[in-house]
Amino acid sequence: MASSSGNSNSSSSSQLQNSGSEEDLHQQNMMDQRKRKRKESNRESARRSRMRKQQHLDELVAQVAQLSKDNNQILNSINFTTHHYLNIQAENSVLRAQMMELSQRLDYLNQILSYLNTMSASELVYETDQCFETSTCDHGLTNPFNQPYLNQPIMASPDMFQYY
């Protein structure tokens with residue numbers, strides 16, 4: 001009997017070990033399953049993170065391209081405006097030079113008119129006759145070759161003031 005009780009003790013303890021090892025195995029399987037789920041979740045999270053990072057990089061590349069395009073348009077606009085400004089400035093210089101020449105001509109013509117208005121008609125006829133007879137006039141107003149601004153073309157032209 002003793003042997004049978006010894007057998008029953010050993011079989012019950014082996015059952016306890018079996019049930020303990022089954023529990024351990026079950027817990028181990030549960031932990032392995034959790035680890036697999038966690039690894040899979042981490043992989044998915046890393047994949048989503050890489051996708052977000054790639055999407056952000058693509059957006060930045062597109063933004064760089066757009067800003068480069070805008071920058072080129074602005075530079076073209078600045079170049080066009082600068083060229084236009086220089087042309088207008090050259091034209092303005094020509095107009096100022098022409099204005100100065102015309103102003104000098106006007107002043108000279110006003111001097112002639114003032115001189116002619118101060119003289120009487122008989123003095124004027126006498127003086128012009130004397131100038132044509134002797135070919136020497138001391139005032140130079142009636143000799144067309146002594147009039148520096150009369151019948152001379154305006155010398156300023158747009159080509160003189162081109163800036164490139």
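This report covers the fold, salt bridges and surface patches of a predicted model.

## Overall architecture

The chain has 164 residues, and buried residues make up 7% of them. Two helices are present, with zero strands. Helix α1 runs over residues 2-118.

The accessible surface comes to about 14000 Å². Carbon and sulfur atoms hold 56% of that surface. Contacts were also sorted by distance along the sequence. Among contacts with a separation of 6 or more, 77% join residues 24 or more positions apart.

## Salt bridges: the count

How many salt bridges are there by the rule used here? The count comes to three. The pairs are taken up in turn below.

## The R43–E40 pair

R43 and E40 meet through their side chains in a salt bridge. The N to O distance is 4.0 Å. Both residues lie in helix α1. They sit three residues apart, which is about one turn of the helix.

Are the two partners buried or exposed? R43 counts as exposed because its relative accessibility is 54%, and the cut-off for that class is over 50%. E40 has 46% relative accessibility, so E40 counts as partly exposed.

## The E44 network

E44 forms a salt bridge with R47, side chain to side chain, at 2.2 Å from N to O. The two residues are three positions apart in helix α1, so about one helical turn separates them.

R48 also forms a salt bridge with E44. Here the closest N and O atoms are 3.9 Å apart. R48 and E44 are four residues apart in helix α1, so the separation is again about one helical turn. Shared partners join E44, R47 and R48 into one network of salt bridges.

Why does each member of the network count as partly exposed? The class lies between 20% and 50% relative accessible area. E44 belongs to it because its relative accessibility is 27%. R47 belongs to it because its relative accessible area is 35%. R48 belongs to it because its relative accessible area is 39%.

## Positive patch

Which residues form the positive surface patch? They are R34, K35, K37, R38 and K39. One of them, K35, lies in helix α1. K35 has a relative accessible area of 44%, so K35 counts as partly exposed. Patch residues need over 30% relative accessible area, so K35 passes that cut-off.

Salt-bridged residues are left out of patches by definition. R43 is bridged to E40, and R47 is bridged to E44. R48 is bridged to E44 as well. These three arginines therefore cannot count towards a patch.

## Nonpolar patch

A nonpolar surface patch is formed by I74, L75 and I78. Together they have about 270 Å² of accessible area. I78 is found in helix α1. At 44% relative accessibility, I78 is partly exposed, because that value falls between the buried and exposed cut-offs. I78 also meets the patch requirement of over 30%, so its place in the patch fits the rule.

## Summary

Helix α1 holds the R43 and E40 pair. Helix α1 also holds E44 and R47, as well as R48. K35 of the positive patch lies in helix α1, and so does I78 of the nonpolar patch.

Note on methods:
Residues numbered from 1 in each chain as written. Predicted model: local features only at pLDDT ≥ 70, side-chain atom pairs only at ≥ 80, totals over all residues. Heavy atoms only, no water. Patch = residues over 30% accessible without salt bridge, like charges linked within 9 Å, V, L, I, M, F, W, Y side chains within 5 Å. Areas by Shrake-Rupley, 256 points an atom, 1.4 Å probe, with all protein chains shown as cover. Buried < 20%, exposed > 50% of the residue type's maximum accessible area, 1.4 Å probe, protein only. Lys, Arg positive; Asp, Glu negative; His and termini not counted. Charge placed at Lys NZ, Arg CZ, Asp CG, Glu CD. Contact = heavy atoms within 4.5 Å.
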